[in-house]
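Here is a short note to read beside the model. Please keep the sequence open as you go.

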Amino acid sequence: MTEETQLRAVKSTPPAQTPNPASAPAAGAGSGVTFDVRQLNVWFGSNQVLHGVSLQIRPKEVTAIIGPSGCGKSTFLRSLNRMHDLVPEARVEGRITLFGQDLYAREVDATLVRRRVGMVFQKSNPFPTMTIAENVTVGLRLNGVRQKNLVQERMERSLRMAALWDEVKDRLHDNALSLSGGQQQRLCIARALAIEPEVVLMDEPASALDPLATAKIEELILRLKQDFTIVIVTHNMQQAARISDQTAFFYLGELIEFDATGRIFTNPSKKQTEDYVTGRFG
Amino acid sequence: MNSAAVSGKTRPPTRIVLAPPSKTGDKAFRLLTWLMALMVLLLLALVGWTLCKGSALSVTKFGWNFFGHSNWDPVNGDFGALPFIFGTFVSSFVGLLIALPLSLGTAVYLTELAPGWVRQPAISMIEMLAAIPSVVFGLWGMRVLVPWLQDGPYPLLEKYLGFLPIFRGPISGRCMLSAAIIIAIMILPIITSITREVFRAVPDSQREAAFALGATRWEVTRMAVLRYSIRGIFGAAMLGLGRALGETMAVTMVVGNADKISASLFSAGNTLASKMANEYAETTAGIHLSALFELGLMVLLVTVVTNILARLLIGAMGARKLAGT
Amino acid sequence: MNHWYHQWRKIKSYFVSGLCLMCAALVVAPLALVLFNLLQKGASSLDFAFFTQLPRPVGETGGGMANAIVGSLTLVGLAGLVGIPVGVLGGIYLSEFGTPRMNWAVRFAADILNGTSSIVWGIVVYALVVGYSAYAAGLALGFMMIPLIIRTTEEMMALVPNGYREAAFALGISQWRIVLNIVLKTAGKGIITGILLAAARVAGETAPLLFTAFGNSFWSHKLSEPIEALPLQIFTYANSPYDDWHRQAWAGALVLILFVLALNIGVRVMTRGRTPHLAK
């Protein structure tokens, strides 16, 4: 078995079964759609946060999720990599498929899901006891990858993809917290990329950063979409307009409109969308 | 390094294989930590059960008499714990009586009056006081404090206040009062630190309002701080009492080791814990040992009761402070 | 308000302030006194012989507390073997996996055990383990350490911000690896200080040793033999009628208190650098 097919087996098989290349659907089966979300409803306790959301996310594109505070953007994002599993009061109903597989099926191991769908958080959170190099490679090392040169190679690659390599290549063994805010966030992006997910979810990744750092991150997102599907939540409409291909507008837990970015911002079909996009509220 | 890696723009030909996640690893780890946490519960049960089993002989033989009876006679196999119960409570309450005002005054000083450069060193010193082992206090108590008390303050007290039963002679250097004083010294840190926290919890706006009314420093403290802290101070006192009740070594070394009850604080005595400490070398099996176990059971029960009371009065946080964590 | 009444209020205030200052001095005084007396009476006895020799037979002068010092270190080590694994893992449970009911019960039990007089541990282990030995004493002290360490570990683990756990989950790492390699590592310094404080506390305890270690005038060659420890030796010597033993008791107490204070101060120094780690 070549490494390539071995990888497909580990990453694409419904995890309850042992990897069997013969029966594994290859990544991208049913392609054209990365995520197919149907009637997603999410509750926290008795409070319903998302109401009947349905949309499809296309591969190797940047999809932006916009909307005013509290509209459910982050909740929606976190449903895509089963982060709500960590919250006991959360209840998720509906159907989300990832590459044709039901994400929330009982046999599915959420840990494997999260290896395919990575996440970058609003507040950068590099692990404080680790060096820069250790932070980038933690996903590989703690998931059993032992070969040193492989890990090294991936580390460099991830740091380059995150546009951070040149800035840190001489200080890989410094503590991660010695980096600036913008650099730390790019470090977190590199960390997420190192395990080679197919999707990267970003929850307002630049909202805590200055304009210069923000610009660097937007630039790198545009490069990343060649290799990854990206879903980004942002409260910054101009950012969504700059970098995304598709945009979804949420309001009060409902998906109001979902269309090509150009159309959303110049010629939206719903009045609410138009009001938000032109700044009448939000 | 091939060009693909350098540019980072295309996927490399080889991919990595991540180890499948182990559900068994998670489950095993959870189980292990759960077992270890369970150990604490088992430990408490073990302590309770061992003490009950050990004291069974004594309990069945003496019953309630054990608590009302003053005779501690290993030779004839007759035991009564009344003097020790008496000693435990007297030494602890008197100790609290001595410590509480001192702690309050110190807490007021540290939070309201002390200049900045004095505050931190003083707090550190008080914390260091808390770290001194009981046996060291005992040594100091029996060789320095007691001789000094016996030479100076005690005779004075007896001379001028000897008409009161509590200060009636004859004076024994190692006596209830000495035990109370040593206990007081040892519980000062905890009462002071809790009271300080209680005072610090009063918002400055209260103090400022009182100042704005033209009150003096003392009046501000009285009106704005003390009035709202009554409950907390009470809680601190409870915690101090809890600690006092459990003190062993220092008390053992200054209390005089006498199995008697007396109205005078100058008479020697014993507490539940000090009696156990004094008899450890004489632990032959049988009714004598069982009586010691029953003393131990009483010590445990006293702790349980004060802990529950502390919880009820000042919440779970208070119970933690009582436990010293 | 008339002038004299105002003056009276001011005088009252100064008086009370003076009283409070006196209180503070009285509270701090014992520490100064104890340390002073220890140094005065004990320092001169701290010679090479003290640290290296065994006690002389009853009534003879000279000799040292070498076996007691080694004994204390041995017992703290044994206690740690019991107390550290159980305490740390238990604390991990409370912080990461615990249910409200179990947590309440464990904390309640831990608080009671922590608050009970330490002589109880001695007599309980006496009933459980046959004979006086280092094992018995180590077990008693270890039992004492468990509820101490479990509380401090829980507290330190709970201080680790949730953001780190989330980030680790988002990398598809197994939960047990997250807890050990990331959360525990982040809380590491705090947990170690908790362990050191528990060790300092346990090193100074005498009461549990009365029923378990019993004391030994010679070197203990086996852990199943009775063993001497510093606090126990101090107690025995202090209660004896011999002046020379009194002198050595002071020296032993000085060594003990220096050890305990050094650990406490060391912990304080360590924790000063702690917060930046958890700054997020």
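The points below cover confidence, one sheet and one interface.

1. Ground rules. This is a predicted model: local features need pLDDT of at least 70, side-chain atom pairs count only at pLDDT 80 or more, and totals for chains, interfaces and linings use all residues. Residues are numbered from 1 along each chain as its sequence is written, while chains are lettered from A and ligands numbered from 1 in the order in which they are written.

2. Confidence. The complex has an ipTM of 0.88 and a pTM of 0.86 from the predictor. Chain A has an average pLDDT (the predictor's confidence in each residue, from 0 to 100) of 86, with 89% of its residues scoring at least 70. For chain C the average is 88, and 97% of residues score at least 70.

3. Weak stretches. In chain A, residues 1-30 stay under 50 in pLDDT. The model gives them 48 contacts beyond four places in sequence; a contact means C-beta atoms, placed from the backbone, within 7 Å. Residues 274-280 of chain C also stay under 50, with 11 such contacts.

4. Sheet in chain A. Four strands (DSSP runs of E, at least two residues, numbered from the N terminus) form an open antiparallel sheet, ordered S2-S1-S4-S5. Pairing requires at least two DSSP bridges between two strands. S2 (47-57) and S5 (101-102) of chain A are the edge strands, each pairing on one side only. Seven bridges join S1 (residues 35-44) of chain A to S2(A). Leu40(A) has Val53(A) as its bridge partner in S2(A).

5. Chains C and B. The contact involves 72 residues of chain C and 74 of chain B. Helix H1 (residues 3-42) of chain C, a DSSP run of H or I with at least four residues, supplies the largest share of chain C's side, 18 residues.

Definitions and conventions. Two residues are in contact if their C-beta atoms, placed from the backbone, lie within 7 Å.
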